[in-house]
Amino acid sequence: MRLPRPSSLNSLMLTGFALVSIPLLLGVVIAATKVRNLSEASATLVRSGVQTTHYTQQLFQQIAPIERSAKLYQVLNDPGLLEVYGDSRERLLATLSSIETVAVDQEHAVQLRAIRTSLRRIDAALQSPAPSPEVIRDAVDSIQPMWQAAFALSAATGEQVETGLSRLQQSTADTQKYLFWQSAVLILLTAMLVGVFTFLLMRPIRQIDLAISQLGKGTFSRSIAVRGPVDLVNLGRQLEWLRVRLLELAQERNRFLRHMSHELKTPLASIREGTELLMDGAVGELDSAQREVTTILRDNGIKLQQLIENLLEFSAWQARHSGLEISEFRLRPLIKSALETHQLTLLAQRVHLDLKVQDIELRADRAKLKLILDNLLSNALKYSPRGGTIFIHAKADKDQLVLDVADTGPGISKDERSAIFDAFYSGSAPVSGHLKGTGIGLSVVSEFIQAHGGSIEILDGMFPGAHFRVRLPLAPALEGEPA
């Protein structure tokens with residue numbers, strides 16, 4: 001069963017804020033409840049302690065008149081003193097009842113019973129019709145246990161307050177520990193929720209950013225699929241439609257180039273054939289001026305034919321760009337094959353080679369990688385002076401192939417580097433003895449490297465001339481394979 005998910009970016013953000021705020025609000029409520037309970041317990045303890053202490057002080061103040069009236073009655077035997085005793089007795093009973101309402105522990109109950117017992121003995125002695133002196137003396141003697149009970153009651157009250165304070169301190173410490181662990185758990189939970197929603201939010205945004213980067217680089221072979229909220233999924237569908245449309249336009253452009261190139265080759269072949277006939281003297285011998293004009297026509301015809309063939313090759317490369325035929329092979333034999341293709345030019349220009357190539361095993365499109373090497377070597381030969389040096393270094397760096405191709409030519413100016421990989425950009429003129437290029441080779445190199453998921457850059461400082469560094473994954477992740 002699939003859990004329901006927010007359907008839009010706004011609902012996803014609101015859901016994230018709600019889920020992040022719920023544990024925080026829960027923590028605040030629990031903390032407030034704990035603090036309120038501590039506050040109520042503290043207030044109860046203070047109120048009970050103050051009241052019990054107040055009633056205990058009243059108890060001392062009320063026992064003294066009872067003792068005084070009982071002793072005076074013993075000496076004077078005045079019935080009016082019994083009225084004073086009665087008033088003091090009623091106030092003492094009221095105080096005892098008040099103490100019973102605020103102090104209900106066992107120690108207080110024992111001492112309160114002792115005071116009431118002593119009071120009943122005094123009542124029995126003083127309220128008899130004709131109390132004897134011995135009875136009155138026993139009544140007066142009963143006051144001493146009452147004082148002892150009152151002092152014990154005061155001590156029990158102090159002990160009760162101390163016990164309550166100790167419990168309150170322990171409860172405060174427990175609450176602090178509980179709130180600390182609660183805060184730690186809530187912070188961890190909040191961080192996890194933030195991480196989850198950041199992932200849910202950033203994943204489709206990264207997919208969209210990657211898709212836009214691919215479209216900007218002209219890579220139209222990989223389909224665009226965005227997973228996430230509905231509005232971002234719809235944006236991914238729009239990008240997929242744009243990719244398909246751009247791919248169709250690129251294919252139409254390639255078809256146009258192929259058709260136009262073929263249409264141009266037919267009249268050009270007639271022009272070249274006529275020029276060759278003139279050069280061979282089919283219509284008579286040519287003088288020097290005529291031969292010079294005919295030579296110009298023939299050379300430019302050859303150049304124009306080369307341009308048209310380059311256009312056809314470029315169109316064919318564009319058509320095959322989306323498909324990579326991956327195979328496993330070693331790098332050294334491939335570089336050796338590429339050097340054999342340019343062996344005559346290397347010998348003619350007396351160019352030296354500086355080879356430092358590790359025997360690396362690759363998973364890539366062998367034909368396209370050979371074309372990359374051919375174009376980079378051709379570019380290095382074109383701009384290297386006679387007797388110069390071409391550097392080819394290759395090594396494995398973690399899961400990447402690092403390939404350096406450099407020469408001892410004039411290098412590449414800063415102004416040209418931003419456009420040197422654009423199609424049909426020919427750049428500055430090469431050294432003498434070479435025709436200016438069509439500007440297709442390096443654009444094809446860039447496209448094939450991007451198709452493998454690699455990169456190419458121009459470096460300075462390591463070699464005197466142009467220095468190209470190619471980075472390719474040793475085993476590229478293709479579409480449909482897990483990255």
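A charge sits over a ring if NZ of Lys or CZ of Arg is within 6 Å of the ring centre and within 35 degrees of the ring normal. Keep that in mind for the second exercise. The model you are looking at is predicted.

**Exercise 1. Getting an overview**

Find out how many helices and strands the protein has, and what share of its residues is buried.

*Solution.* Start with the secondary structure: there are 11 helices and seven strands. Next, look at burial. Of the 483 residues in the protein, 37% are buried. Then turn to the surface, where about 28200 Å² is exposed and carbon and sulfur atoms supply 58% of that area. Finally, consider the contacts between residues at least 6 apart in sequence: 73% of them join residues at least 24 apart.

**Exercise 2. Charges over rings**

Locate the ring that K34 lies over, and the ring under the charged end of R366.

*Solution.* Begin at K34, which lies over the face of Y178, at 4.6 Å from the ring centre. Now move to R366. Its charged end sits over the ring of F329, at 5.9 Å from the centre. The cut-off for the distance is 6 Å, and the 5.9 Å of R366 is the value to hold against it.

**Exercise 3. Sorting aromatic pairs**

Classify the pair F180 and W181, then do the same for F391 and F463.

*Solution.* A search of the whole structure gives three aromatic pairs. One of them joins F180 and W181, with 5.4 Å from centre to centre and 75 degrees between the planes. Planes over 60 degrees apart count as edge-to-face, and that is the class of the F180 and W181 pair. Are these two residues buried or exposed? F180 is exposed, with a relative accessible area of 53%, and W181 counts as exposed at 53% relative accessibility.

For F391 and F463, the ring centres are 4.6 Å apart and the planes meet at 35 degrees, so this pair is tilted. To place the two rings, note that F391 belongs to strand β4 (residues 389-397), while F463 is in the loop between β6 (455-458) and β7 (467-473); the pair therefore ties together parts that are 72 residues apart in sequence. Both F391 and F463 are buried.

**Exercise 4. A walk along helix α10**

Compare the span of helix α10 with the expected span, and work out how covered the helix is.

*Solution.* Helix α10 runs over residues 366-383, which is 18 residues. From first C-alpha to last it reaches 26 Å, close to the 26 Å expected at 1.5 Å a residue. As for cover, 14 of the 18 residues of α10 are buried, and the helix is mostly covered. At its start, a side-chain oxygen of D365 comes to within 3.2 Å of the backbone nitrogen of A367.

Now pick out K370, a residue of α10. Because its relative accessibility is 18%, K370 counts as buried. Leaving aside residues up to four places away in sequence, K370 touches L334, S337, A338 and T341.

**Exercise 5. Positive phi without glycine**

Describe where R350 and K398 lie, and decide whether each is buried or exposed.

*Solution.* Take R350 to begin with. Its phi is near 55 degrees, a positive value in a residue other than glycine. R350 lies in the loop between α9 (343-349) and β2 (352-357), and is exposed, with a relative accessible area of 57%.

Next comes K398, also not a glycine, with a positive phi of about 60 degrees. K398 is placed in the loop between β4 and β5 (400-406). At 80% relative accessibility, K398 counts as exposed.

Notes: Residues numbered from 1 in each chain as written. Predicted model: local features only at pLDDT ≥ 70, side-chain atom pairs only at ≥ 80, totals over all residues. Heavy atoms only, no water. Phe/Tyr/Trp six-rings, centres within 6.5 Å; stacked < 30°, edge-to-face > 60°. Buried < 20%, exposed > 50% of the residue type's maximum accessible area, 1.4 Å probe, protein only. Helix = DSSP H or I, 4+ residues; strand = E, 2+ residues; numbered from the N terminus. Expected span 1.5 Å × (residues − 1). Polar contact = N/O pair within 3.5 Å; in protein donor to acceptor, adjacent residues only side chain to side chain. Contact = heavy atoms within 4.5 Å. Areas by Shrake-Rupley, 256 points an atom, 1.4 Å probe, with all protein chains shown as cover.
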